[in-house]
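Work through the exercises below with the sequence and the model open beside you, and try each task before reading its solution.

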Amino acid sequence: MYKLYTRPGSGGFVIEAALALANAPFDQVDVPKTDRPDPAFLAISPLNQVPVLTLPDGSSITESAAICILLAERHPDAGLAPAADAPARADFLRWLAFMSSVLYPAILRFYYAHRYTADADGTKAVKQAAVAEMDRGFAVVDAALEGRDWVVGDRLSLADVYLVMLVAWHPDPAQARAAWPNIERIWSGLRQHPLMKKLNASHEMWPA
Ligand SMILES: N[C@@H](CCC(=O)N[C@@H](CS)C(=O)NCC(=O)O)C(=O)O
């Protein structure tokens, strides 16, 4: 049985979605936000971050993109990602890596701005730069989605769920929806998806 360490409104959103889409039972542990983390949690998540997935063999894995890829590999019938030999596989890997290495860190710089400056008055500038960088990244994704129904291939994959999770964290979601119509097309579809609605009820990623 899997065990997912998560928190409402966190990157655990996409992992919960993956496990649900794969019909994989899991225990859920909500990890409180604290500056005094439990040493047992630090042993599996040295940066004190969620999500963390403990696998049935007892080992644990951090990094949302890696967890998505692993779950897609372990549950091939769920169609969480294009198969390893499918034409859309390269796009899946590309965009998942882009989102986790460009967009997610920019979002973190906004919400944890104090970590990115030694200047007590510097957080405003860090936040401004973080928004500019996330906007640059979302614009790249939006341009790539022109004329597309899904981020990769011709069906829902974890790349769509990951993208929607990230854009929902944009500090100005209304501006995001207006600025990136191709992302908004996918997001508006997923806002009607029964599983996303269910997850949103606990994660409150966007207004119901
Ligand atoms: N690179 C990690 C980032 C995970 C991350 O930053 N998680 C946030 C919640 S969305 C967190 O736990 N932050 C707490 C902290 O950094 O103190 C991933 O992709 O999973």
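**Exercise 1.** Which residues surround the ligand?

Solution. This is a predicted model, in which local features need pLDDT of at least 70, side-chain atom pairs count only at pLDDT 80 or more, and totals for chains, interfaces and linings use all residues. Residues are numbered from 1 along each chain as its sequence is written. Taking a residue as near the ligand if its C-beta atom, placed from the backbone, lies within 6 Å of it, the shell consists of S10, G11, N48, Q49, V50, P51, T62, E63, S64, S100, Y104 and L108. Next, domain 1 (2–78) and domain 2 (89–193) each supply at least three residues to this shell, the bounds coming from an automatic or database domain assignment. Finally, helix α4 (residues 89–111) gives the most, with 3 residues; helices here are DSSP runs (H or I, at least four residues), numbered from the N terminus.

**Exercise 2.** Find which residues of helix α8 (residues 181–191) are buried, and establish how they are arranged around its axis.

Solution. A residue is buried if 20 or more other C-beta atoms lie within 10 Å of its own, exposed if 12 or fewer, and partly exposed in between, with C-beta atoms placed from the backbone. By this criterion I183, I186, W187 and L190 are buried. Seen down the axis, the directions to their C-beta atoms fall within an arc of 100 degrees, so these residues line one face of α8. On the other side of α8, P181 and S188 are exposed.

**Exercise 3.** Is V140 of helix α5 (residues 123–144) buried, partly exposed or exposed?

Solution. V140 is partly exposed, because 14 other C-beta atoms lie within 10 Å.

Key: Helices (H or I, at least four residues) and strands (E, at least two) are DSSP runs, numbered from the N terminus.
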